[in-house]
Amino acid sequence: MRKTVPHGKSVVVVGGGAGGIAAAARLAQAGFAVEVWEKNEALGGKLQEHRAEGYRFDTGPSLLAMPQVVRDLFTDLGERLEDHLALEELPIGCRYFWRDGTVIDQDAAFWQRPEVARFLAEAEGIYDLSGEAYLNYPPAEFWRAFTWRNLARLRHLPKVATRRTLAEAVDRRFADPHLRQLFQRFATYNGSSPYRTPATFAIVPYVEARFGSWYVRGGMAALGRALSNLAEARGVVFRTGTEAQRWRGGLLESADGRTARPDFVVCNQDVLAAAQGWLAEAYTERERAALWRPALSSSGFVLFLGVTHRHAALSHHNIFFSDDYPAEFDALFRRRAPADDPTLYVAVTSRTDPGHAPSGCDNYFVLANAPANVDAFGPGAVEAYADRIIARLEASGLPGLRGQIAYRHAFTARDFAARDGAHQGSLYGWASHTVRTSLLRPPIHARRRPNLYFVGGTTHPGGGLPLVLLSARMAAAQIVRAAGGVS
C-alpha cells in the first residue's frame, strides 16, 4: 500500500481485535491519523491469554493456517516477520480419536493417502477457481480476479455451483466412517454444520494440507501483541477501556464521554451486535431484521484445565469424536442446546511450549461446540457440563484425569458475548449454511453509509484468523481509494 493519502484524514477503529489492529496499522502506514477504541483493557480481541497457578492458556484461536497472510501483512508494513514472531509448523496438524480405539494422525503421510489425495485434488479445483477472488476481493469485485489468461479456471465451476452439502460431498468420496467424520469436521472451522454447509467448503482441508498447520511461539496471543506494537510504532493511538456508544451524524461517542468526528469509521465488532448497539441509528428496522434472520454460527464451551500428569496419547492438537455426529449438530443448530455427547477439541500448547505448564504438567484448552445462546446453561449447568466433559475424556484414553486436575475454569457463550461483543456468543456471526451466508456476508463497506467499513470474522470473507486479516487488507484498501489515494 503506497502512502499517497492526503494529510489530515482521520479514522477511528471501534474494536481492538486482530482485524481492527491490522486495519489500523495499514491505514497509519498509508498516512491516516488513526485511533482504536477498545472497550476492554486488553487489546487483541479473541487473541487473549489466561494465566493461573503456573499454567498459561490461549483463550481464542489456537491454530494458524495460511501463514503467508500474516507474512504479507508484515511485509506490507515494511517489516520482517522473523524480527517479531517465531512461527513453527507442526508435524502433526491434529490427532483424532474415536471410541472404537481408532487413532489417526493428520501428518504428511495422511495427506498422501490415495483416497485423501483424490479428495484434495478435487478441492484444489475449487481453490483455483474461487480462492483468489474470494480471499482478495469483496463480492462486488470478484471479477477483478479473472483475466483472459486464467479463464480456464472456469472448468471448475460445477464444483462450486453444486447444491450438495459438505457431508454429502465427503460421503461420496470416502467409505471409511472415520474419514467421513474427520473431513466433515472442517465445517466447524467457521462454526457451521457439515450437514448444511455447501460442499465448496471442501476447500478448508485443502488449504490446511497445502499451507500446513502452524503455531506461534509463546502462544497465539503473541501475534496480537506483535500487531499492536507495529500499529503503535506507526502512530496508532489505542484507547482501551473506551466503549463506543453511538454514531450519529458523523459524531462518534463513547460511554465515558469521549467524542470524535473522524473521516472514516471502521467497525471491528460483531456486525449483528453493533447494529443493535452503537450503530443502531445507521440501520433501519428492516436492515436489522435481515441481519438477524440467518442462523448463527456456533459458540463454544471452553474448559481451561491445569493437569499434573502428561498423558502420552496426546499431541499438540487433538480431537475426540462423538459417536453420533448428526445428533450433535441437530442439538446445536435446531434445538440450540448443548449436545449430550459433544466432540471435544483439546489443545495442549505445553507439548510445543513447555513453559506453558509447570514441569511434568500440561495445559488443556478443551473446546466443545456449543449453541449461540447465552442462556444455554442455567444455574449449576456449567459445572455439570464440565464434569461430563472430563468424564468423557477419562473414558477416551486419559485415565485418572479428574484426580489430576490442579486448575479448572470454564468460559461459555455468555462470556464470549460479554468479552467480545458477540451476538448471543456466536463466534463467527452467520453460520455458512447457504450460498448467501457463505459468499454474501455483511459487506466490508456499507454503501448507504459511505464512511463506514467493517472488518473481522462476521464480515467478508469470514471467520478465522487469516480471513480476518484479509478483511482488514480489503477495508484499508477501500478507505485509501475513498480518500483519494492509491492502494
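Which residues of H7 are buried? In this predicted model, the buried residues of H7 are His178, Leu179, Gln181, Leu182, Phe183 and Gln184. Helix H7 spans residues 177–184, and because 6 of its 8 residues are buried, the helix is largely enclosed by the rest of the structure. The N-terminal end of H7 is capped by Asp176. Here a side-chain oxygen of Asp176 lies 2.9 Å from the backbone nitrogen of His178, which is itself one of the buried residues of the helix.

A second helix worth a visit is H13, which covers residues 381–395 and contains Arg392. Arg392 has a relative accessible area of 9%, so this charged residue counts as buried. A polar atom of the Arg392 side chain lies 2.6 Å from the backbone oxygen of Pro342. Leaving aside residues up to four places away in sequence, Arg392 touches Arg99, Phe320, Phe321, Ser322, Asp341, Pro342 and Leu344. Pro342 thus appears both as the polar partner of the Arg392 side chain and in this list of contacts.

Turning to strands, an open sheet is formed by 3 of them, in the order E10-E11-E12, with antiparallel pairing. Strand E10 (244–248) and strand E12 (259–260) are the edge strands, each pairing on one side only. In general, the strands of a sheet pair through backbone hydrogen bonds, in either a parallel or an antiparallel manner. Strand E11, made up of residues 251–254, is joined to E12 by 2 bridges, and these two strands run antiparallel. Within this pairing, Leu252 has Ala260 of E12 as its bridge partner.

The empty spaces of the model come next. A probe the size of a water molecule, rolled over the atoms, shows where empty space is left. The second largest pocket holds about 510 Å³ of space. This pocket is lined by 24 residues, and those closest to its centre are Arg441, Pro442, Pro443, His445 and Ala446. Helix H11 (residues 285–292) gives the most to the lining of the second largest pocket, contributing 3 residues. By class, the lining of this pocket consists of 14 nonpolar, 3 polar and 7 charged residues.

Enclosed spaces were also counted, giving 2 cavities of 30 Å³ or more. The largest cavity has a volume of about 50 Å³. Its lining is made up of Phe57, Asp58, Ser62, Ala347, Thr349, Asn363, Tyr364 and Phe365. Strand E4 (55–58) and strand E17 (362–370) are the elements that give two or more residues to this lining. Of the elements involved, E17 gives the most, with 3 residues. The lining of the largest cavity divides into 4 nonpolar, 3 polar and 1 charged residues.

The second largest cavity contains about 30 Å³ of space. Around this cavity lie Arg26, Val69, Asp72, Leu73, Leu469, Leu470 and Arg473 as lining residues. Two helices, H2 (67–76) and H16 (465–482), each supply at least two residues of the lining. The lining of the second largest cavity comprises 4 nonpolar and 3 charged residues, with no polar ones.

Note on methods: Residues numbered from 1 in each chain as written. Predicted model: local features only at pLDDT ≥ 70, side-chain atom pairs only at ≥ 80, totals over all residues. Heavy atoms only, no water. Pairing = 2+ DSSP bridges. Helix = DSSP H or I, 4+ residues; strand = E, 2+ residues; numbered from the N terminus. Buried < 20%, exposed > 50% of the residue type's maximum accessible area, 1.4 Å probe, protein only. Polar contact = N/O pair within 3.5 Å; in protein donor to acceptor, adjacent residues only side chain to side chain. Contact = heavy atoms within 4.5 Å. 1 Å grid on protein atoms, 1.4 Å probe; cavity = no way out; pocket = protein on both sides within 12 Å on 5 of 7 lines; lining within 4 Å. Points joined across faces, edges and corners; volume = space filled by probe spheres on them.
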